[in-house]
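Q: Hey, I'm new to this one. Can you walk me through it?
A: Sure, here it comes.

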Amino acid sequence: MTSIAPTADVRDVASPAQAARVIYDDTTPMRFMAASVLWGIVGMLVGVVVALQLAWAPANVHATLSFGRLRPLHTNAVIFAFVGNMIFAGIYHSSQRLLKARTASDVLSKIHFWGWQLVIVSAVVTLPLGLTQGKEYAELEWPIDIAIALVWVVFAINFFWTIARRNEKHLYVAIWFYIATIVTVAILHIVNSLAIPVIGGTLKSYSVYGGAQDALVQWWYGHNAVAFFLTTPVLGIMYYYLPKAAGRPVYSYRLSIIHFWALIFVYIWAGPHHLLNTALPDWAQTLGMIFSLMLWAPSWGGMLNGLLTLRGGWSKVREDPVLKFFAAGVTFYGMATFEGPLLSIKSVSGLAHYTDWIIGHVHSGALGWNGFMAAGMFYFLVPRLAGRPLHSRRLADLHFWIGTFGILLYMVAMWVSGVSQGMMWRATNPDGSLMYPTFVETLIAIRPMYWMRLLGGSLYLLGMVLMGYNLVRTGLTAKVVETEVSVVPLARTPEVPWRDVVFSKPIVLTVVVLGVAGVGMASNAFASPLFLIVAFVIGLFGVLAIQHARRSGGPPFHRILEGRALLFTVLSGLAVLAGGVAEIVPALVVKPVEAVDAKPYRALELEGRDVFIAEGCYTCHSQMIRPMRFETVRYGDPSTLAESVFDHPFQWGSKRTGPDLAREGGKYPDLWHYRHLVDPRAITQGSNMPPYAHLSDARLDLERTGDKMHALSKVGVPYTDGDIRGAQEDARAQGHAIASELAKEGAHVEPDTQMVAVIAYLQRLGKKTEPGTRPADGVSMKEPSAEENAR
Amino acid sequence: MKSPSTPESSESVDRVIHEVDGIQEYDNKLPNWWLYTLYGAIAFAACYWYWFETARLGASPVEAYQAEMDRAAADQAMALTVGDATPEALAALAKDPNATALGKQVFVSTCAACHRADGGGSVGPNLTDEFWLHGSAPERIYRTIASGVPDKGMPAWQPQLGALKTQAVTAYVLGLVGTNVSGGKAPQGEREPISAR
């Protein structure tokens, strides 16, 4: 056993006869850390590039490097490559020590590491090529989705196998969070990524969900990717490394219990807060809002346990960069988890949704919480694993201050920009007309903030580079110094029967109270208060009874549960599933009634839609007009569920860097769209949209259109066999009609290009049409009638 | 879960109860303010759900929108803040420098994208020649701007701009007629000489 590793712990009770030697696998965590640092720098560099593109459109230098394609690369790289590798490093390192066992299989660890890097590399290749499913934070196409699922299963097997071989009976709170992470991320990823591939050797696929269903599934996933990929594993890491680095005991075990269960149960319900004031049914919106508010205290429970653990150790925080990063990271977590519930209030969301405020919010979490917790963990771990002190503490301090200043610049810029633009969108004159009728006015007003954000982000990136240098000099890429400990194998002791645990008072009480309260929420106005009061009374007396019983002795219930890994996993899985099932199942079985009127896209429009998705247009353009007067004056009537029912995936969007497109069809002539796509600034001075002139040269593969319609027909879009067979002919006819009209105005573009298809799609938005109608009747055709000419 | 604070149950502060891998755990009581936040949020959630979803006492976003639109319609009927767009009123506005200045401002920010800043036309027709697709009379121009020609890609602007700005921009367009700027779009529609108005 090496004397250098302060994390090593010898059980002093171990008598030589019983003791077994364990050598921890520290090569795997070190590898994951190196990957995290590398991908973190890459992902944030892409972030700086997209920030520049927003401030200064000429930075969109090439079609593959335009904002719409790089933004998904930025989000995927930071979430899944930077934070992903960081949490794997922390989990592999801390779990071995908390379980007193070497990771079960070195082979699985290697498959996990290299498999994950392969997934990342394939993302780096496919996203700039426009190969995307068009679902935010889940853009990767189906073969990569399958690879992710397989790698995750390898990770899960390795982790639970290690738990099964543990030499420590009770699972520490960090392990609880890791368990919840592994179980939930698997469920989220698989359910959300279900898609039907287009036959014929393409990577293209369509989500099995459409319209509001897809919206609900997507944000159930998207929000809980934040919860279970960016939050719970990092909380586990906090619970291990923060008390280690501070040398202080964790403040409160019972707070750990309560905030863990409350957090994982409540978080999963909160997804619909991304869809407030949309066409999503009102009950789902309200659930999303109230569960987000109830999430405030459980989130702060984690922050409190972190900060209060530092009580009495603040002088150390001033000196040690590791603790500085942890203290600031936990504080940023507290800020972000206060801002989150605030933004989930319907009226606040009415102002903030689609604006930069949301961008600022996620970055206070990503840069402040994830980035700083990662930095703290790296600065703590790399010296210990490499067996030498940190190369430069002053450089780490510099990183801390540059990073903090960068985050503050970033957040302030986004607050100012988000609130300003939100206020400008809703500013109306007394007669109800818009004070800023042209969208671009509101963009020009916030342009200075985009430069400030670029500065903040660049400073943060500089800090990351300093960290990378510092860690490499410390030994990030060097061979690790192995830690060997002696452990006492677990003695077989009689267990409490699992039925007694499952049907113990706290669990039965929780299920009964939640069940009665749930019935109360679903019942009518007179019965509802009765049920809620009954739930409250049962809960109150139940808690008192349990506390009375506990005082009379016996091991506390949760301590028993902590010793039962399988039961713990099953129960946490059930706690997580409750919210998902309650929200998503009703949406999947109930089809919106109005959907009978809706008509699917014509062949060319469908091709145009695929271009729209591939170019990442949804990253800046929403297709969801909210029921607010200032919004309907600008964009037209509120969007309905029926209008997006055949959209696989839905394209409601989450951000308006440009205007909403839900009713774009027929608003401007084809020529306007053509000129605007070729050079946005020729039409709209001050626009920051990337140019799409290259779409005029990109030919469509119309042989494939029928296959695409066939795939969509499998997931419920009512294309007939005739539609599918005639797809190519219909697409050519519609394309020809648009191209010949453009030619009359002096714009020459071939009819089977992506340019013509995307114009057909844009002109279709907000319109209803019969599939397969002749071009002359098509909505995108605007033959001036004789009567109009005569006017 | 709030525990009644009896001396024997409230574990003395900062007592280590577990230890694993050198990490010790206290079992301190939950701060009261944290508990009140939790309880308060749960109570609020129950009340909010009851008010808006169970009893439907509060307006949903769609209902609130309907009410706002109804109010707006009522207000519009009550108050005519600007005069009617009669041919005489529009002709008078065209001579009012305040009106044409406002009109020019609106034109540059809103109309120039399609009609060019000088009115010479690009996507939309040339407004400075004597050829008209939808009529050159002041009230015809006003109607084209206010209600739009949706089939040809001309949006209805009155809902966005309001009556005042719509009339002002009409006044400004009336002043463009016959300026025949250079490099303008080729004539479209019927010839309607200025003298004929």
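A: What follows is a quick chat about two chains and a few of their helices.

Q: Before we start, what kind of model is this, and how are things numbered?
A: This is a predicted model, where local features need pLDDT of at least 70, side-chain atom pairs count only at pLDDT 80 or more, and totals for chains, interfaces and linings use all residues. Residues are numbered from 1 along each chain as its sequence is written, while chains are lettered from A and ligands numbered from 1 in the order in which they are written.

Q: OK, how many helices and strands does chain B have?
A: Chain B has six helices and four strands; helices (H or I, at least four residues) and strands (E, at least two) are DSSP runs, numbered from the N terminus. Along the sequence the pattern is β-β-α-α-α-α-β-α-α-β.

Q: And how many residues of chain A and chain B are in the contact?
A: Chain A puts in 63 residues and chain B 58, with contact meaning that C-beta atoms, placed from the backbone, lie within 7 Å. On chain A's side, α8(A) gives the most, with six residues. That side divides into 33 nonpolar, 13 polar and 17 charged residues. Here Ala, Val, Leu, Ile, Met, Phe, Trp, Tyr, Cys and Pro count as nonpolar, Asp, Glu, Lys and Arg as charged, and the others, Gly among them, as polar.

Q: Switching topic: which residues of α17(A) are buried?
A: V516(A), A517(A), G520(A) and M521(A) are. Buried means 20 or more other C-beta atoms within 10 Å of the residue's own, exposed means 12 or fewer, and partly exposed is in between, with C-beta atoms placed from the backbone. They line one face of the helix, because seen down the axis they fall within an arc of 145 degrees, taken over the directions from the helix axis to the C-beta atoms.

Q: What covers the buried residues of α17(A)?
A: The cover includes α18 of chain A together with α1 of chain B.

Q: Where is A59(B)?
A: A59(B) sits in the loop between α1 (32–54) and α2 (61–78) of chain B.

Q: Is A59(B) buried or partly exposed, and why?
A: A59(B) is partly exposed, because 13 other C-beta atoms lie within 10 Å. Leaving out residues up to four places away in sequence, A59(B) touches A64(B) and A67(B).

Terms used. Contact = placed C-beta atoms within 7 Å.
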